[in-house]
Amino acid sequence: MTSRTTRQRSPLRLAPAARAREGAVRALLLACAALSVLTTFGVVAALVGETAAFFADPAVTFGEFFTSTRWTPLFADKSFGILPLLSGTFLVTAIALAVGVPLGLASAVYLSEFAPPGRRRRVTGLLELLAGVPTVVLGYFALLFVTPLLQRVIPGLNLFNALSAGLVMGFMILPTVSSISTDAMQAVPSSLRQAAYGLGATKVQLIFRVVLPAALSGIVASVVLAMSRAVGETMIVSLAAGQRPLFTFDARETIATMTSFIVQAATGDQPAGSLASRSLYAVAATLFAITLLLNLASQLVVRRYRERYE
Amino acid sequence: MSRAGAGDRAPLPAPADRPERPDMLDLGGVEARRRRRRVRAFEAAVFVPVLLALALLATLFFDVITDSFSWQVIAPHNSGRSFAFAEGFAFHRTWENVVRLELLAQGRTPEEADALLADPEARRLFAARNRVELMPWVDGLPLRWLVTSSRDDHVADLPLFEGVGRRRELLASAEPGQVVLLNAWLDWSFFLKNASRSPAMAGLLPALVGSLMLIALVILLAVPLGVGTAVYLEEYAGDTPFSRLVELNLSNLAGVPSVVYGILGLSVFVRLLGLGPVILAGALTLTLLVVPVVVVAAREAIRSVPDSLRQAAYGLGATRSQVVFRVVLPGAVSGITTGVILAVARALGETAPLLVIGAAAFVPRPPAGPLSPFTAIPIQVYNWVSENDVEFTHVASAAIVVLLLVLGVLYSLAFYLRRRYESRW
C-alpha cells in the first residue's frame, strides 16, 4: 500500500472557527464509530443481567442447566436443562453442514478453477441471490415443499422435522462457503500453479495437491463462519423443524433449537421478569457465546494459518 | 495452433482468460487422453453442485409463484354472477361499476343501487364485507369480475396444476349456485386490503406500509452511522487501540445471530427506553443489525478513491473535513449506495429480531406513524404460514412473491452499480 498522507495532521494553520468545525466533525464521526462498540456492550449487558438473574433463582442450578435433558420453562412443571435445545441445534447444523460444505466447496472449485470469468461473475451473482432469499421464505419452502416431498420417500417423517430444515439450511449456507472459498483459491498465486504444471501435474492433481492445501485457511474459515450462521439461523427452524424440545439425534423428529425457543418464548406472553422470560435470556446468552467463539475461531484460523505470498 | 487454411495470419494467442491449461495440449498418447478425460469428468462433477444450487433457487421461485394461484369452488353469498372484463371496466370508476352490476344482479333496482353508492355509510359497509376482484378464470370463462363476500363458503381449494388437470371434473361437480374460479391471490386488491381473519379478505396493506416505514427509518439512521464510522476509520483514525477495538467489534457483530439483536432491541428500546413494540423500536434494532453491512461497503468504496485526489485537494488548501465531504464521499458515492441497497435488502427480509421485539401478530390497519404497533411483510408471511390453513398458505405465498420481487429489483440494482463502479478508477 502507498503511505497515507491523510493520516498526518494538516500543516495548515486554521482560523479558530474552522478549527472548531474540524473538531466537531471529528467528534461526530468518532461518536458514530463508538456506537458499534456500544452495541456490543449493549448485547452483553442485556444478556448478562437477565442471565445472572435467571441463575440466581433458586429453582435453577448450573448443573441442571447443562446436564438435564428436560426443557419445559413454559409449562407449569418447569425444568431447565438446555441439552435438548443444544442437541436440536447440533442436529440441524450438522445436516446443514453435511449438505452445504461439500456442495459449497465443489462450487468454489468450479468457480475458481474451471469457470471462465464472465460465467464466474454471473453464477456468483445468482448464488448471492440465493444467500439473499429471506430465511422466512426458505422456512416456507422447507415446510411446504421439501417436507411433503421427503414424506413420500421417508416413512415416519414428522410434518415438522429436523431433516428438511437442515437440508434447506444447507443451501442457505452454500453461498457463504462457496464465496469465501472461491476468494481463498483465487488468492493462490499463479506461480504455484505454473510450478505444478511444470512438474507434469494434471488440473485435478493441481487442485488437490496445490490449490486446496494453499487455500486451506480460507476454506476452514468459511466452514466455521457457515457453522455460526447455521447455529444462529432462526426462521427456517421455527417454521419447519417445530418447537418441541426433545433430546434426540433422530432427524425425522420434531425438535426445538435455541433460536426457535427464543422466538417461541418471545412471541408468547411471558411477563417480563418471570422465570420463563429469563430463561430466554439464558438461552440467548448460550447462543451468543457459541457464535462468538465460532467467529473468533474463524478469525484466528485465518490469521494464524494464512499462507503469505508477497 | 495454426491450422491449414489460416494462411499467413499469425497464430492466435491463447485466450487471455485461461492462461494455464496445459492439460489441453495435444500430447497425443493414451495416458494423455486418460488424463484429459479425468480432468473433464472432475470438471463435470464440481459443476453439478452449482447446478443444484441454481435449480433449488429456480424451484423455490417456481413453487412460490404457483402456490399463489389456486382453483376454488365457492358457494357465493352474493349473486354468484361474474362479469366480463369489458363489461365491468370503467377506468377509475371500475369499483363502482362492478358493484352496480352486482347489485342489479342481486335483483335491486337501478335506483336502489345508485342510492347505496351515493350513501357513504352504506358504501363503507359494503366495502367492508365484499371485494371486487378480477379473476383470471371463472366458470370456464377468462378474465371475469367477481364480487366475493366475507361470508362466502369456500367448498374446495386445489393447487394450480392439479386443478388444470381436473378442470372439467370441477366444473361438472360444482353444485347449482356454486362458482368455480381460478383465484390469483396476488392481484391488485391484495395490496389494498387490510388484515383479516378470513384468508380471502386478508391483504398486505398494513405489512406493506409497516415495511416501508421501517426501511425509511433504517435508511435515515443507518446511512449516517455507517458512513460516519467508515469515514472515521479510513480518514481520521490511525492505528490506535480504539480503532482496532472498533474493527474487531464490527467483524464480530457481523457474526452475531439476528435473533440476538432482537433480544437487545427488546431489552433496550422496548423496555429500557419504554418505546414499546413500535415501528421506531423495530427500526432501531434493524439499524444496529445492518450498520456493519454499510460500514464494510463504505470503507471499501472510500479506500478505492485514489490518494492522489486527496493530496490534490490538500494542495489546494482544503481542510480535512472539506477533503472528506467534497472529494472522498462524492468519489465513493456509488460504492456506498451499493452497500446501502444491500443493507436495505437485508433489513427488508429480517424476521426474527422483529418477532422478538414484539411485532404485533394482528394489525388490522396500516400503522399511523413511527410510534404505532406494526407488522412487516416477512412477519406477515410467518404469521400466515403459522395459521396452518391451506388458504392462508396461498396468501403467504402471494406476500412472498411481492417480497422476492422487491428484493430481486434491489439486488439487480446493487449488482449493476457494483459493476459500474468497479471500472471507475
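Q: What makes a stretch of residues count as a helix or a strand here?
A: Helices (H or I, at least four residues) and strands (E, at least two) are DSSP runs, numbered from the N terminus. On that basis A:R303 lies in helix 12 of chain A, residues 275-305. The model is predicted, so local features need pLDDT of at least 70 and side-chain atom pairs count only at pLDDT 80 or more, while totals for chains, interfaces and linings use all residues. Residues are numbered from 1 along each chain as its sequence is written, and chains are lettered from A, with ligands numbered from 1, in the order in which they are written.

Q: Why is A:R303 called exposed?
A: A residue is buried if 20 or more other C-beta atoms, placed from the backbone, lie within 10 Å of its own, exposed if 12 or fewer, and partly exposed in between. A:R303 has 10 C-beta neighbours inside 10 Å and therefore counts as exposed.

Q: What makes B:F91 and B:D139 fall into their exposure classes?
A: B:F91 has 6 other C-beta atoms within 10 Å and is therefore exposed, whereas B:D139, with 16 such neighbours, counts as partly exposed. B:F91 sits in the loop between helix 2 (85-88) and helix 3 (94-105) of chain B, and its phi is near 50 degrees, a positive value in a residue other than glycine.

Q: Where is B:D139, and what is notable about its phi?
A: B:D139 belongs to the loop between strand 3 (130-138) and strand 4 (141-149) of chain B. In the hairpin of these strands, which has two residues between them, B:D139 takes a positive phi near 50 degrees.

Q: How do you know that the length of helix 1 of chain B agrees with its number of residues?
A: The expected span is 1.5 Å times one less than the number of residues. For the 38 residues of helix 1 (residues 30-67) of chain B this gives 56 Å, and because the end C-alpha atoms are 54 Å apart, the two agree. Among the buried residues of this helix are B:V39, B:F42, B:V46 and B:V50.

Q: Why are strand 2 and strand 5 of chain B said to stand at the edges?
A: Two strands pair if DSSP finds at least two bridges between them. The open sheet of six strands in chain B has the order 2-4-3-6-1-5, with antiparallel pairing. Strand 2 (82-84) and strand 5 (153-159) each have a single partner strand, so one side of each is left without a neighbour in the sheet.

Q: How do you know that strand 4 of chain B pairs with strand 2 and with strand 3?
A: Strand 2 and strand 4 are antiparallel over three bridges, and eight bridges join strand 3 to strand 4, which also run antiparallel; both counts satisfy the requirement of at least two. B:S82 has B:L146 of strand 4 as its bridge partner, B:F83 stands opposite B:W145, and B:N130 is partnered by B:S149.

Q: What makes residues of chain A and chain B count as being in contact, and how many are there?
A: Two residues are in contact if their C-beta atoms, placed from the backbone, lie within 7 Å. By this criterion 81 residues of chain A are in contact with 77 residues of chain B. Helix 1 (residues 16-56) of chain A gives the most to the side of chain A that touches chain B, with 19 residues.
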